[in-house]
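Visitor: I should be grateful for a close look at a single part of this structure, namely its aromatic pairs. Please then follow the residues involved outward to their surroundings.

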Amino acid sequence: MADLGNEAGVLAAKAAGAAAGAGVSLIYLLPKSRREAASRFFTGLCCGLIFGKPAGLWLSDRMGIADELTGLEISLTGSAAASLLAWWVLGALVRVAERWGRRAG
């Protein structure tokens, strides 16, 4: 059976990073309603939890500091970055879809 002792720390780091990234995205661009705020926060949280480790590995490799960071630090920073960027990427996709919809209609 798998040892989950180390995974709890990684999950906590990913959750903390995802929450921080989602919070910063809400502060940086204030939502128009509570519903939008909740939607943006949970979208960021989910993306941070899902894509946190791969994003952290990619970032640390690109910056050349992978050897200097622990797995928890990589998970934390990757989750924060993925969470922060999630809403911005989704917003860009919505704008592109609206433009294509206007052209087709």
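Guide: Two aromatic pairs are present in this structure, which is a predicted model. One of them joins Y28 and W88 in an edge-to-face arrangement, with 5.6 Å from centre to centre and 65 degrees between the planes. Y28 belongs to helix α1 and W88 to helix α3, so this pair ties together parts that are 60 residues apart in sequence. The two partners also fall into separate accessibility classes. Y28 counts as exposed because its relative accessibility is 65%, and the cut-off for that class is over 50%. W88, at 36% relative accessibility, counts as partly exposed.

The other pair is formed by F41 and F42, again edge-to-face, at 5.6 Å centre to centre and with 80 degrees between the planes. F41 has a relative accessible area of 25% and is therefore partly exposed.

Returning to Y28 and W88, one may ask which surface feature they share. Both contribute to a nonpolar surface patch of about 790 Å², together with V24, L29, L85, V89, L90 and L93. The elements that supply two or more residues to this patch are α1 and α3, the latter spanning residues 71-104. Helix α3 gives the most, with five residues. Among the patch members, L90 is placed in helix α3 and counts as partly exposed, its relative accessibility being 36%.

W88 also leads to a residue of another kind. S25 touches W88, as well as R40 and L84, when residues up to four places away in sequence are disregarded. S25 lies in helix α1, which comprises residues 5-28. Its relative accessible area is 1%, so S25 is buried; the class requires a value under 20%.

The contact between S25 and R40 leads next to a charged pair. Side chains of opposite charge can pair when their charged atoms come close. The structure holds one salt bridge, and its partners are R40 and E36, whose side chains meet at 3.5 Å, N to O. Because R40 and E36 stand four residues apart in helix α2 (residues 34-63), about one helical turn separates them. R40 is buried, since its relative accessibility is 2%, whereas E36, at 23%, counts as partly exposed.

Further along, G56 is also located in helix α2. G56 is buried, with 1% relative accessibility. Apart from neighbours within four places in sequence, G56 is in contact with I74 and G78. Between G56 and S25, which are 31 residues apart along the chain, the C-alpha atoms are separated by 18 Å.

Finally, these residues may be set against the record. An unreviewed UniProt entry carries the annotation "transmembrane region" for residues 12-30, 42-60 and 80-97. In the model, the span 12-30 is 89% helix and 0% strand, and its end C-alpha atoms lie 26 Å apart. The span 42-60 is 100% helix and 0% strand, with its end C-alpha atoms 25 Å apart.

In summary, the Y28 and W88 pair links helices α1 and α3, both residues take part in the nonpolar patch, and W88 is among the residues touched by the buried S25.

Note on methods:
Residues are numbered from 1 along each chain as its sequence is written. This is a predicted model: local features need pLDDT of at least 70, side-chain atom pairs count only at pLDDT 80 or more; totals for chains, interfaces and linings use all residues. Side-chain values use heavy atoms; hydrogens and water are left out. UniProt positions are given in the numbering used here, feature names are shortened, and annotations may be inferred rather than shown by experiment. Buried means under 20% relative accessible area, exposed over 50%, partly exposed in between (1.4 Å probe, protein chains only). Contact means heavy atoms within 4.5 Å. Patches are made of residues with over 30% relative accessible area and no salt bridge: like charges are joined within 9 Å, nonpolar side chains (Val, Leu, Ile, Met, Phe, Trp, Tyr) within 5 Å. Accessible areas come from the Shrake-Rupley method with a 1.4 Å probe; for residues, only the protein chains shown count as cover. A salt bridge is a side-chain nitrogen of Lys or Arg within 4 Å of a carboxyl oxygen of Asp or Glu. Rings of Phe, Tyr and Trp (its six-membered ring) pair if their centres lie within 6.5 Å; planes under 30 degrees apart count as stacked, over 60 as edge-to-face and the rest as tilted.
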